[in-house]
Amino acid sequence: MASLEVELIPALSDNYIYLIFEPQTGTSGVVDPALAAPVAERLEQLGRGLDYILATHHHADHTGGIKELKARYGAKVAGPMADAARIPGIDRELTEGDRFEFGALKAEIFETPGHTSGHIIYWFDTADTLFSGDTLFTLGCGRLFEDSAEAMWGSLSKILQLPDETRIYCGHEYTQSNAQFALTVDPDNPILRERAAEIETLRHDRKPTIPSTLGLEKSTNPFLRPHDPAIRHRLRMPDQSDSEVFAEIRRRKDQA
């Protein structure tokens, strides 16, 4: 079975760019390159070229390096069909259910509107790896800039159907602040309290909190748990729909 190597490249104040490599075929890629320079520097150190650039959405802090990297390496750009006009140089326009070939691997594409209207995510099922962009964060989810809470809950519900062992690689290092907020709506969750303490240690030592796993997110991320009776009790929303409870959690996070 082909494997997928993932390397984190910090960028800007809190972004992560992901270098990906499929060793069976030597296929090289990058996910959401905010900047070109750190990607090119690392590729030079590794003695690699660049075959593919994968974009999850159009925001500049995820696409800022695309033009330069494409020009330098001749890489092909894959991204959401719905955002093709807002992402430079897309060669492969992707929609829900597409299977994007990356060497010996394939990534299933899910459309995940909410943070942006055209957002997509890449799930490498045989490698247990999800690049979630700004849809799902560790202990959080993206702000709703271009779509509704109902749409975002629908997007997160798709992710909830994936296997618990799926590794989550998200767009930003927001985990510490997300953990602090999560404790305000789910304070009696012992797994969350333990995780929050571990996160404090990691960030004190300037270590990344990523990747997470979907199983861990299911047990600690309040944005994936609007069905939880304890959270509903805390919010005084015992009978509302999951979408309505999710919307209230998102509203509170926006005001935190």
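Here are some notes on the structure above, going from the whole chain down to a few single residues.

1. First, a word on what you're looking at: this is a predicted model. The chain's secondary structure adds up to nine helices and 14 strands, so expect a fair amount to trace by eye.

2. How does the overall size fit the length? For 256 residues, a compact globule would have a radius of gyration near 18 Å, and the chain agrees because its own value is 18 Å. If you want a feel for the proportions, the C-alpha trace spans about 55 × 40 × 35 Å along its principal axes.

3. On packing, buried residues account for 51% of the 256 residues in the chain. Take the contacts with a separation of 6 or more: 58% of them join residues 24 or more positions apart.

4. As for the surface, the chain has an accessible area of about 11,000 Å². Carbon and sulfur atoms hold 48% of that. The charge count is 27 positive and 40 negative side chains, and the centres of these two sets are 3 Å apart.

5. Now look for the open sheet of six strands. Its order is β7-β8-β9-β10-β13-β14, and the pairing is mixed. At the edges sit β7 (99-102) and β14 (212-213), each of which pairs on one side only.

6. Start at the β7 edge. Strands β7 and β8 run antiparallel and are joined by four bridges, one pairing being Arg99 with Glu108 in β8. The hairpin these strands form has two residues between them, and Gly103 there takes a positive phi near 65°.

7. One strand further in, β8 (residues 105-111) pairs with β9 (residues 120-124), again in the antiparallel sense, over five bridges. Two of the facing pairs are handy to find on screen: Ala107 stands opposite Phe124 in β9, and Glu108 stands opposite Trp123 in β9. Glu108 is thus worth picking out, since this residue is also the bridge partner of Arg99. A general point to keep in mind here is that side chains in a regular strand alternate between the two faces of the sheet.

8. Which residues of helix α5 (residues 175-185) are buried? They are Thr175, Asn178, Ala179, Phe181, Ala182 and Val185. The cover over these buried residues comes from several elements, including the strands β11 (136-137) and β12 (140-141) as well as the helices α6 (190-204), α7 (214-220), α8 and α9.

9. Arg234 is a good residue for linking two of those helices. It lies in helix α8, and apart from its neighbours within four places in sequence, Arg234 is in contact with Thr184, Val185 and Pro187. Val185 is one of the buried residues of α5. Arg234 itself counts as partly exposed because its relative accessible area is 46%. For a sense of distance, the C-alpha atoms of Arg234 and His59 are 34 Å apart, with their positions 175 residues apart along the chain.

10. Last stop: Pro238, in the loop between α8 (229-235) and α9 (242-255). Is Pro238 buried or exposed? Its relative accessibility is 58%, so Pro238 counts as exposed. From Pro238 to Lys253 is 15 residues in sequence, and their C-alpha atoms are 20 Å apart in space.

Technical notes. Residues are numbered from 1 along each chain as its sequence is written. This is a predicted model: local features need pLDDT of at least 70, side-chain atom pairs count only at pLDDT 80 or more; totals for chains, interfaces and linings use all residues. Side-chain values use heavy atoms; hydrogens and water are left out. Two strands pair if DSSP finds at least two bridges between them. The radius of gyration is taken over C-alpha atoms; the globule rule is 2.2 Å times the number of residues to the power 0.38. Buried means under 20% relative accessible area, exposed over 50%, partly exposed in between (1.4 Å probe, protein chains only). Contact means heavy atoms within 4.5 Å. Accessible areas come from the Shrake-Rupley method with a 1.4 Å probe; for residues, only the protein chains shown count as cover. Lys and Arg count as positive and Asp and Glu as negative; His and the chain ends are not counted. The place of a charge is taken as NZ of Lys, CZ of Arg, CG of Asp or CD of Glu.
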